[in-house]
Amino acid sequence: MTSIRMCGVVVGLIVLVRVGGAQEKPGLSAKYPGDEGIGSDESVIFADGFESGDISAWNGGNRREKEHPVVVISDPHNVHSGKHAARANYIKGESQAGGISHAFLPGYDEIYVRWYVKFSPNFVVENDLHHQRIAGRRSRGERKWVSAGSRPKGDDAFSAGVDAYTRWKHYPGAGFFHFYSYFPTMKAGWQDKYWGNITNPEDPIMIAPDTWYCVEHRCKVNTVNADGTYLEDGEQELWVNGTPQVLVTGRVWRTSDILLCNAISMGFWMTKPPEQDQQMWVDDLVVARPSLGPQSPGPQARQ
Ligand SMILES: [Ca+2]
């Protein structure tokens, strides 16, 4: 399939899905064109458009900083709004495990995370790209992240993940966004180990190269009653460019109220190293209690 034909298919899919409906009501972004001042809203937990010129706002820092640091760049073509964005640089044949994270304790029952992401024209996701996480960690005592290959116990950690997915390059380029999550009732997979459980959209929006996408991710923990019993009423939801993509209900994220949504990460690890140098850019990330929706056009916003 040529790149021109591929673009035609991608555009057609996006138009079809958009007719199906956008987010029902304006989110918090509507009050802050260009995200200007959104970080000061009392319902915003964290916001970073990387305008400080570094990632110092992220209190979890830069994972594997010496090998593959996430850096802040100012090339206007690769900035969504303002003058800076974050960039992950992939090197041909090298495993890329970099990422940035931020924790906010004790945490919340439900949060929304909205960000913009763009992939370089030659970007290929080999299978899964572990992109963004809403993590549930202990609100008191020792705090851990989930471990790859292991099922969470219900009182240690959970991970609500958004990946870019190609199913071993069955889909071109960066593929589409889906869920890749760890939770206590997850199913075992390859080699009888517990790898992130996948939920795909019915009508995926295929990721076009060199194009900004607005991605919004919601996680709501399930109810834990005062007597220690719990309900199967947790949720996870995804929108791309304001269009609903996946809604999971009835999920058990936890069996103890010690776990809350209290950390996020932007990650860049792929199942297999890339076969070429490639880049990904992220900008305008906001974590909030109400829904956000796509950024309203501001004086410097690129649509
Ligand atoms: Ca920016």
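# A guided tour of a predicted model

The structure in your viewer is a predicted model, and its mean pLDDT is 89, with 88% of the residues of the protein reaching 70 or more. Before looking at any single part, colour the chain by pLDDT and select residues 1-21, where pLDDT stays under 50 and for which the model has 15 contacts beyond four places in sequence. Where pLDDT is low, the predicted coordinates should not be read in detail.

**The whole chain**

Now show the whole protein as a cartoon, in which you can look for 1 helix and 15 strands. Buried residues make up 44% of the 303 residues in the protein. Among the contacts between residues at least 6 apart in sequence, 76% join residues that are at least 24 apart.

**The open sheet**

Next, select strands 2, 5, 14, 7, 8, 9 and 10, which in the order 2-5-14-7-8-9-10 form an open sheet of 7 strands with antiparallel pairing. At its edges you will find strand 2 (61-63) and strand 10 (197-199), each of which pairs on one side only. If you turn the sheet and look along it, you can follow its twist, which averages 25 degrees from one strand to the next. Strands of a sheet pair through backbone hydrogen bonds, either parallel or antiparallel.

Stay with this sheet and select strand 5 (residues 99-108), where Pro106 has its place. The peptide bond from Leu105 to Pro106 is cis, with omega near 5 degrees. This bond deserves a pause, because most peptide bonds are trans.

**Strand 9 and its partners**

Now select strand 9 (residues 176-181) together with strand 8 (residues 157-165), since these two strands run antiparallel and are joined by 4 bridges. To see one of the pairings, show Val162, whose bridge partner in strand 9 is Phe179. Then add strand 10, which pairs with strand 9 in the antiparallel sense over 3 bridges, and show Tyr180, whose bridge partner in strand 10 is Ile198.

Is strand 9 enclosed or open to the outside, and why? Strand 9 is largely enclosed by the rest of the structure, because 6 of its 6 residues are buried. You can check this face by face: Phe176, His178 and Tyr180 lie on one side, while Phe177, Phe179 and Ser181 lie on the other, and all of these residues are buried.

**The loop between strands 8 and 9**

Move next to the loop between strand 8 and strand 9, and select Trp168, which lies there, along with Lys169, which is found in that loop too. Phi of Trp168 is near 50 degrees, and phi of Lys169 is near 65 degrees; each is a positive value in a residue other than glycine. These angles are worth a second look, because most residues other than glycine have a negative phi.

How do these two residues count in terms of exposure? Trp168 counts as exposed because it has 12 C-beta neighbours inside 10 Å, whereas Lys169, with 14 such neighbours, counts as partly exposed.

**The loop between strands 7 and 8**

Select Gly149 now, in the loop between strand 7 (128-138) and strand 8. Because Gly149 has 15 C-beta neighbours inside 10 Å, this residue counts as partly exposed. Which residues does Gly149 touch, if those up to four places away in sequence are not counted? Gly149 touches Lys193, Tyr194 and Trp195. Add Asp192 to the selection as well, and draw a distance between the C-alpha atoms of Gly149 and Asp192, which are separated by 8.8 Å although the two residues are 43 residues apart along the chain.

**Strand 4 and its two partners**

For the last stop, select strand 4 (residues 85-90), which is mostly covered, with 5 of its 6 residues buried. Show strand 3 (residues 71-73) beside it, and you will find that 3 bridges join strand 3 to strand 4 and that the two run antiparallel. Within this pair, Val71 stands opposite Arg87 in strand 4. Then select strand 15 (residues 278-288), which pairs with strand 4 in the antiparallel sense over 5 bridges. To see one of these pairings, show Asn89, whose bridge partner in strand 15 is Gln279.

How values were computed:
Residues numbered from 1 in each chain as written. Predicted model: local features only at pLDDT ≥ 70, side-chain atom pairs only at ≥ 80, totals over all residues. Buried ≥ 20, exposed ≤ 12 C-beta atoms within 10 Å, placed from the backbone. Pairing = 2+ DSSP bridges. Contact = placed C-beta atoms within 7 Å. Axes fitted to C-alpha atoms, helices over the stretch in contact; angles between N-to-C directions. pLDDT = per-residue confidence, 0-100.
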